[in-house]
Amino acid sequence: MKPFNLARQLLHFLVFILPIFLSDISFAQQGTIRGRVFDEQTNEGLPFVNLVIDGTNIGSTTDLDGNFLFTGIEPGFARLRVSAVGYETRVSPEFMVTGSRTANIDIGLRQRSVELEAVEVTISQFERSEESPVSLRRLGIKEIERSPGSNRDISRVIQGLPGVASTPAFRNDVIVRGGGPAENSFFLDGVEIPNINHFATQGASGGPVGILNTDFIREVEMYSGAFPANRGNALSSVFEFRQINGNTDRLNFQATLGASDLALTADGPLTSNTTFIASARRSYLQFIFGIVGLPFLPTYNGFQFKTNTLVTENSTLTFVGVGAIDLFDLNLDANETREQRFILDFLPVNEQWNYAIGGVYRRFKSNGTETWVLSRNMLRNMAYKYPGNIETLPRILDYESDEIENKFRYERSFSLGNYRINAGAGAEYARYVNDTFQRVFINNQLDVIQYQTDFDMFKWSLFAQTTRRFMNERLSLSLGVRSDANNYSSQMSNLLDQFSPRFSASYRLRDNLYLNMNTGRYFQLPAYTTMGFRNSEGLLVNRENGLTYISSDHFVAGVEFLPNGNSKLSVEGFYKMYSNYPFSLRDSVALGSRSADFGVVGNEEVTSTAEGRAFGTEVFYRNQNLRNWNVILSYTLVRSEFKDIRSNYIPSAWDNRHIVNITGLRNLPNNWEIGFKWRYSGGAPYTPNDLDLSSRVEAWDVQGMGYLDFSRFNSERLRGFHQLDIRVDKQFFLNNFSLMLYLDIQNVYNFQASQPPMLVLEEDASGNPIIFDDNGIQRYRLENLENRIGSILPSVGIILLF
């Protein structure tokens, strides 16, 4: 009951501060917008370009160098509608205007290849991509900053995107269209980052809290298909996170007190041609969890920075970095209930740190751009466990692992007649180190998994994509190819074996109606944990077993309707076919069909023989002004299945079947904003416990929890999960600083989500486990407890900009 007591105390605190929230005093001051409009191919400033603040009659025009200025602008979120002769009209991404700092935004325009005849194309706020006309979704800064229930955690924000399933178990797994959380790639301003969560699951993308600071993010793009050729190593999705630049005028600060951490951000000019933005975050979850009596105490620290330099008029240099230091300790004093003791018995102590840093040099030429990207990332993951948490006993788990990658990518974008072309190459040097000691119970006996791995590898890739419009720009076609290889083994070293074509087409039936499709084959490297696993003889057994790239064939088709510039409706059907997926020889299931957990996945013997599929339909509706509401609505019908050892399709852990996401945001007078998010995910399959094996004392003691019965793999299914979150924001804009307050309430109607039953030890009156003899086998007496999670979770946020 302690979590509910904390929630009640927080509600009392909210009642105390409500008079501040309900104040109608307006301190709003006028703001300034400054920026530049340029040709996106040559970077040349464009003179005499017309700009209008969207939704108003306030306009401006660029000077001879492409610069523009708006003054006396009401604070709040804004967009610019930009038009110039010979260029495509564009609506800028959303940005924030305040009285305490100048809003800086640069806007690139694309030249129009031909003059349109007899048709006026609807100018939409939803920018289309000819390379990816399907399965591409975007979120702007307002949807990111004001997302209800997300607590300014970008990893939770993206769970509200179409086709992304939500989980109630306090995890940020990215599950897109029936694909597992290890099937995604993430890019930060063009630099690949391997994970986006604190306490990351090694071998996947999950974790409880996002690493990326929401204050940095101005736009998110999610590709759930139709991946561009310059983005590889993904099967289900590619995410592009684009960050803001530091302020060009003066040094600014932002302090944020959120639901779980405190953050401080600074941005401004470093030199006359360089800006920066940097932040540090520190959690206080360990104090909250200690107060409410939870048996684990997580502490995380996050760091992030970006610099942007105008080297010359035609070249820019950007550096980005993100890092985390995480500690997951046990609260041994929280052992009053069987549930607490159960968690303490199996959870290890976990320490983890990681970073990613990269530089992007972009040079503009008369006919296109050159981009050079150099980056490095590293993850160190450490875990250990003592039996009964008694540190005088030998450890039953001692794990330490490093993943290190050094990457280079070159891209050249240019035009050749009416063709737009992007081509390039990549190279990478990676190193994987692992030192594992783990006591296990296998084949009805105690055993030890103990090995050390230290191997390095080189990877290389080539890619190209060309796009052209036909039929007076009614039809656009895009063809891309990519190939990846590495020197891990002969099965992976031939570029032709991983030849990855993709083709997109979009036909404009009317000025606001499009027919779109894409098909492609995509490849992904198995996890380092799988590649580096050694057997008892010290062999890289998975290499000996012919481990190779996982492949997925996509086909997506749909229609897109733009009723007006503020709204969009699309319907898509999709089909994904997996092959060469790692198949667990221990459990006789595909790794991609098992649910993820904290810690490590993939460190076992496998073969590249599993096959699977995911298919369904997705309906997406977006309206930025539906009776003054900004509305996002999506419904995804999806099936996710893998073949078992008998080649029969069975549901994967991601077979949610029905996914619904509804988000609404609305501005109110006096700088108030309200929002809600309702989400539903169909019940996920799960595997029941093997009670016979789990009850054996030797087996239980080395794992601290039950063993799954893989002969009944994913034969049970949970109830569907749904949740309503609401958020209220109040903003105060003054000359020298801005103050923003928000109240966020998750799970408003207190839905109790079902989880797999919790298998625990029965205890006697003294609290000791009950042990009995079964024909010479010592066994624990076990009990299944109902396992439900969910409670009303209110939180308050304070943001100060100065």
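What is the mean pLDDT of the protein chain, and what share of its residues reach 70 or more? In this predicted model, the mean is 91, and 94% of the residues reach 70 or more. Confidence varies along the chain: strand S29 (residues 475-486) has the highest value, at 98, while helix H1 (residues 2-21) has the lowest, at a mean of 45. Two stretches deserve a cautious reading. Over residues 1-16, pLDDT stays under 50, and the model has 16 contacts beyond four places in sequence for them. Residues 18-26 likewise stay under 50, with 17 contacts beyond four places in sequence.

Helix H4 (residues 285-292) offers a pleasant view of two faces. Its buried residues are Leu285, Gln286, Phe289 and Val292. These cover an arc of only 135° around the axis, so they lie on the same side of H4. Phe287 and Ile291, by contrast, are exposed on the other side of the helix. Just after H4 comes Gly293, which takes a positive phi of about 80°.

A further point of interest is found on the surface, where Leu509, Leu515, Val559 and Val571 form a nonpolar patch. Together, these four residues have about 300 Å² of accessible area. One of them, Val571, belongs to strand S33 (residues 567-584). Val571 has a relative accessible area of 35% and is therefore partly exposed, a value that also passes the cut-off of over 30% used for patches.

Conventions
Residues numbered from 1 in each chain as written. Predicted model: local features only at pLDDT ≥ 70, side-chain atom pairs only at ≥ 80, totals over all residues. Heavy atoms only, no water. Patch = residues over 30% accessible without salt bridge, like charges linked within 9 Å, V, L, I, M, F, W, Y side chains within 5 Å. Areas by Shrake-Rupley, 256 points an atom, 1.4 Å probe, with all protein chains shown as cover. Salt bridge = Lys/Arg side-chain N within 4 Å of Asp/Glu carboxyl O. Helix = DSSP H or I, 4+ residues; strand = E, 2+ residues; numbered from the N terminus. Buried < 20%, exposed > 50% of the residue type's maximum accessible area, 1.4 Å probe, protein only. pLDDT = per-residue confidence, 0-100. Contact = heavy atoms within 4.5 Å. Arc of directions from axis to C-beta.
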